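Reader: Hey, got a minute to walk me through this one? I'd like to get my bearings before I go poking at it.

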Amino acid sequence: MKPFSLILICLAPACLPAQIEYPVFTITPELRKHANVIVRNHETIFRVEADGGATVEETYVATILNEEGKDASIMTESEDPFQKVKMLKGRVFDAMGQLVRNSKDEDIQLYGGAAEYEFSDSRVKYLRMEYPQFPYTVEFRKKTVLKNFLFAPSSILQSLGVAVEHWHYRLEAPSGYKFQWKSQGIDLKVKESQKGNTSIWEWDAGQLPALPAEPHNPYFNDVTASLMFAFEEVNYDGARGKFKDWKSVGDFFYGLNNGRETLTPQTIELVKKLTDGKSNREKIAILYKLTQEQCRYVSIQLGIGGWQTLEAEFVDKKKYGDCKALSNYTQALLKVAGIESWEASIYGSDEGAPACDESFPRPRFNHMILYIPSEDMWLECTSKSNPVGYMGQFTADRCALLFTPDGGKLVKTPAIKLQDNYEQTTTTLSLREDGTAQVSGKAFYGGARQDDLRHYALEKTKEEWEKVFMQQAKFSIGKLGNLALDANRDKPEVGLDFQVESPKYATVSGKRMFVPLTKTNPFKRSLPANETRVLDLQMLESYALADTFVLQFPSGYGAENVPAGKKITSEYGVYELKTETLSDAVKVIRLIEMYPIQAPAAKYSEVRQFFLDITKADAQQMVLLKKT
Amino acid sequence: MLKTLLSVFLLWGSFHTIVSAQVTYKLEKWGKVSEADLKLTHCSFDSGASSMILQDVGSMELTYTRDGWRVLFNHRRRIKIFDETALDQGNLRILYRADKDVEKFKELDIQLILPNGEVQKVKSDNVFTEKINKYVSAKKVFIPNLQKGCIVEYRYELESAFIASLYETWFFQQDIPVRWSQLSTTIPQYFTYVYLMHAPRKFDLNENHQESITSAFTNPYGASVTTFGLSHLPGIKDEPFITTLEDYRAHIGFQLSEVIVPGRSSEKYLTSWEELAKKMEEDEDFGAQYKNDGKFDKIWSAFREAVPENTPRAELPEKVLRFVSTNIQWNGENRRYSEASLNAAFTKKSGSTADLNLAVVALLRKLKFDAIPMLISTREHGMMYDLYPFADQFNTVVAFMLEGEGGQLLDATNPKRPVGWMRAECYNGQGWLVDQKRPNWVDINAPEFSETWLGSAKLNEEGVLEGHYTIIKSGPAATQWRTELEGEKEDAFIKSNFAAEFPERMVDSIAFSERNQLDKPLKVDFHCVVPNAATPVNDFLYLRPVLDYFVVKNPLKNPHRSFPVNFTYPYKSQYVLNLELPKGYLLEEIPPAARISLPENGGKIQFSVGKADENHIQVILKMNISKLEFLPSEYDALKQFFDLMTEKVQLQLALKKA
């Protein structure tokens, strides 16, 4: 009798165990490979309202497998005058799928801090749902209301190290709503339907295995699959436009930023006085330097001020501004001197930029620069130290959108040629019997190789540069004798002159002295060992180095063993080391050219071996013997 | 440094009246700048500086307002900008507490004085209020029209309810040089404070007088007005191997000791350590948490389920520590008090150091161990004052278990840490036990961080070294490895933690011992093949025998140091390699053995290469540092010590073909 009644009791709903959701054991093994996080479900509904606003409802459920995936336990969303987070809730489940806890309103934190040179009216709401034992699952539900929006948010399906069980995106808009969409890194199909006056578009994806988080890969920001939108009608804080192609996108920004070029009468007079009778090139150089000398970078982003520049008069009076304001100001100065220039949007970063698609007008930019069509010249207006016409690696070789009076034009900024990213050095070492050495050097750097140094030469104190020099040196420096860093104001060139005492350059072992050949300026490149590399390799840095080292023997010493020269050529670059033994010194000449590398995964080991070979060749030493 | 300062005093003769050993600086009024300051081009006592604080004037006035006693803080600062590299001094950020009941930010005036003497008021459209988080806001100012040679001047007032600390500590010294800094305090006769200060020398100004205050809200009362001043303070910047810069920057802080209001008995704030312990033991968010079963019953019942009654008593402390650290994740916060309750932290699976370690105390007490919470100020938070019984000097809690004459520390912030140790930040010399019957300070010695490499290998003609290594990590080194090893593949871990300078090395047959015996050293054996351990050149093989060590480069890079070097743990490391040479090769010359010591047994290096026979050599490199603090006068010796160590690490031996 007892077992029967037990069964009855257990069938009653009140006896069922607590709701089990997202147990980890149901995840297929294929999805665990290379994954730090497995997205169980990611659903977004983007509803465009008739008044031009929108609501976004998002559910995000992720199982976090290890420490590397911890970032998935934090959900963030920004708030500003046009966007408010109406709801943000979270839940945590353990590995078995048991609910551990629900979030409370007081768990939501708000952060609005920025650097000392910035102020913005946007802040971030975030909710952290952690659990002490891996794996665990977090579920976030979020609702955001947009008063109006400039760019439709993209949906990231997958990043490196993230597998996806199920992803769904749904766009609802009034019938007849015009837009374009594009999936990147994945082939998505759309399902269209209608509900009354509302049109609905839906996309689905699932069972996406993770790609490993391997370094130096071609995925921008590690995003491997995404869905992007370009909505045609734009209405942002009263500014209207059509984003149906790049021309109209450019038109909109041109309209936002045009006509804000009033300058004070004093400035107008100053410009005329400084540029009277000069050639175009000279005028540009004078006015660019004027902005550089007078202004400093301060970023104030308030409301539409995030997209619209402050008036030129503002910068004129305050002598500060952000990239938009400074570009606009420089444009205004040039206009007084009779030179037409166009502002341009671009993605500025030393690590590269996302590619632009001619057929898909969805801007992904974070910076503004200035272009002068009559001279085919580009200006970086936020830099106090760049020579005129030079922008550096920050904005080189990538797409930019020009705001011209005839609408937007997609162009490419020039790349810095390999030969222009150069380094030429001559280093002389006077070795002493105890292994110490007096080291003096003269170096010239150009292009991307001088970007950082230029910043130190012109924008930091001598003390700060000395500290950095000491810290970055690859050989031991005891005393700094002389250290002079000079930047050419008109060309991207920097010269360095130094003389230092090195307490431990060579290693003395009885009557022998081991002397590294290039340690005062070593060349090292490496890639981690990986027999199973999955992702293609991308390392775009390219340069040409020519370095001469003269190592003078201490008196009473002669060469016992001097490495022979070595030349290593490959499709990734060239390394050449030449040694010449003289009576009391050894002269070493090293020539290196590194080409931009874009290699398939199958060639990874080959590239790694190339790096190992040149690093080994560069680390060679000579052995001196005390003559008895 | 003192010599330079004295000579500078003489130079300043025209501005200062030198009265005995004191310097009187003539404060310049708001907006009034001397010609000399307008023309100033550099700082005479800190030559590399690109800007300088000309005068920094603060006053803290304890006064009665309609909201009760409040501290009125007035601050006026004047900064000179020598060149364009200091234009960021024109971006001001003044932090204050966001809660208006706690702190009210009042007026803010800013002005710019151009090199020609023209004064430009900075208008309010250059001023912004930033809400950083729910506790802190900031006033941000972007000063327009800033150029080299300008002087920036600003002043503001705020009203704070932080009476106990008289608002907050005043720092005389900043990261740029300060020509004159002074703080005045106005303290009514009813209040007594103690001073917590650090100054490089006697104050240049130390003046006191009495004043009679009439107030709209109370009867007139007398107040003591004190002014402290220091001049010519060079800029001080952060360095590695330090507890916190704040311990070394000249400063003065206050702690309320007693309040005597006429007609009422005195209220003591700094009473005794017994009184403070009693107060905390009775506090709802502290003592109540581990004394009242109801506050931690959820943890207790879960613990009892996980650890049965028949568990041997000796194992219980370890089991308690393991239970708390694996069930509640440390959220990274240091707290003295449990904010929501121990049960709530357990439910949330996340808590601060107070939640975690008070839970440990609660469970241990329930198991009838003599467990007491210990308050500590972490290294980053600053020094402790065993002379003054106030709780604000501490910022975190650990658990302490008394056993006979001594005791054991327990810190549940890391599930890989055993009984007896705390995390690195907590080793700041001492800690205080919160127990009214035994409110004692305990001296805490940091455990030794120890690493050992034992290698037995053979070298071939091509320079490839092949053999076995055993690495042993003890003390906090073991905890660190155990923590980093979590979730990592063993071979990837060993690869990235052994012989990093030989990128073609390969390891296999990895066997860890005592991986989960958290109080024991962690040992790992592995087989390795290291190409390029030696480089063949003609008749020679040049070998670098020390494949791995504590550091490979000197960690002390700066040529100068103006405050002590402070290490967290005493350190010991040993490297022993027994190597079989390739056939036909001889070690022609044995490098001399080396023994280097730091004065006062501060540390030692021992290096030797020996020949077991013609075919076998043994290389030994031992290093230890037993002193934790090295004064600036000892910096050069310490730097040389590290230089010598790296020399031995990088040493090469010449093997010649016979």
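Author: Sure. One term to begin with: helices and strands here are DSSP runs, numbered from the N terminus, and a strand is a run of E with at least two residues. Also keep in mind that this is a predicted model.

Reader: Ok, then where does A:W378 sit?

Author: A:W378 belongs to strand β23 of chain A, which covers residues 377-379.

Reader: Is A:W378 buried or exposed?

Author: Buried: its relative accessibility is 6%, and the cut-off for that class is under 20%.

Reader: How far is A:W378 from A:T428 in space?

Author: C-alpha to C-alpha, they are 39 Å apart, with their positions 50 residues apart in the sequence.

Reader: Zooming out, how many helices and strands does chain A have?

Author: Chain A has ten helices and 39 strands. Its C-alpha atoms fill a box of roughly 105 × 85 × 40 Å along the principal axes.

Reader: And what share of chain A is buried?

Author: 52% of its 628 residues count as buried. As for contacts in chain A between residues at least 6 apart in sequence, 72% of them join residues at least 24 apart.

Reader: What domains is chain A divided into?

Author: There's domain 1 (24-231), domain 2 (242-412) and domain 3 (419-626). The centres of domain 1 and domain 2 of chain A, taken over C-alpha atoms, are separated by 34 Å. Where those two meet, 22 residues of domain 1 are in contact with 24 residues of domain 2.

Reader: What about the domains of chain B?

Author: Chain B is divided into domain 1 (28-259), domain 2 (273-443) and domain 3 (449-657). For domain 2 and domain 3 of chain B, the C-alpha centres lie 38 Å apart. The contact there involves 13 residues of domain 2 and twelve residues of domain 3.

Reader: Switching to cysteines. How many disulfides are there over all chains?

Author: The count comes to one. A:C356 is joined to A:C399, at 1.9 Å from S to S. The link is right-handed, with 65 degrees about the S-S bond.

Reader: What does that pair tie together?

Author: A:C356 is in the loop between β21 (342-346) and β22 (367-372) of chain A, while A:C399 is in strand β24 (residues 399-404), so the bond ties together parts that are 43 residues apart in sequence.

Reader: Are those two cysteines buried or exposed?

Author: A:C356 counts as partly exposed, at 26% relative accessibility. A:C399 is buried, at 14%.

Reader: Why doesn't A:C295 make a bond?

Author: Because the closest cysteine sulfur, in A:C381, is 9.7 Å away from the sulfur of A:C295, which is too far; a disulfide needs the sulfur atoms within 2.5 Å. A:C295 is also buried, with a relative accessible area of 3%. Over in chain B, B:C528 is buried at 0%.

Reader: Now for empty space. How many cavities of 30 Å³ or more does the structure hold?

Author: Four. The largest cavity has about 50 Å³ of space.

Reader: What lines the largest cavity?

Author: There are 13 lining residues, and A:L150, A:F151, A:A152, A:F231 and A:F243 lie nearest the centre. Two elements of chain A, β15 (223-231) and β16 (233-236), give two or more residues to that lining. β15(A) gives the most, with three residues.

Reader: What's the chemistry of that lining by class?

Author: Eleven nonpolar, no polar and two charged residues. Domain 1 and domain 2 of chain A each supply at least three residues to the lining.

Reader: And the second largest pocket, how much space lies there?

Author: About 1000 Å³. That pocket is lined by 30 residues, with A:D107, A:Q109, B:N331, B:E333 and B:K348 nearest its centre.

Reader: Which elements give two or more residues to that lining?

Author: From chain A, β5 (99-102), β6 (109-111) and β8 (123-128), and from chain B, α7 (342-348) and β19 (350-351). α7(B) gives the most, with four residues.

Reader: How do the residues of that lining divide by class?

Author: Nine are nonpolar, nine polar and twelve charged.

How values were computed: Residues are numbered from 1 along each chain as its sequence is written. Chains are lettered from A and ligands numbered from 1 in the order in which they are written. This is a predicted model: local features need pLDDT of at least 70, side-chain atom pairs count only at pLDDT 80 or more; totals for chains, interfaces and linings use all residues. Side-chain values use heavy atoms; hydrogens and water are left out. On a 1 Å grid over the protein atoms alone, a cavity is a set of points where a 1.4 Å probe fits but cannot get out, and a pocket is an open set with protein on both sides within 12 Å along at least five of seven lines; lining residues have an atom within 4 Å of a point. Grid points are joined across faces, edges and corners, and a volume is the space filled by probe spheres set on the points. Ala, Val, Leu, Ile, Met, Phe, Trp, Tyr, Cys and Pro count as nonpolar, Asp, Glu, Lys and Arg as charged, and the others, Gly among them, as polar. Domain bounds come from an automatic or database domain assignment. Buried means under 20% relative accessible area, exposed over 50%, partly exposed in between (1.4 Å probe, protein chains only). Contact means heavy atoms within 4.5 Å.
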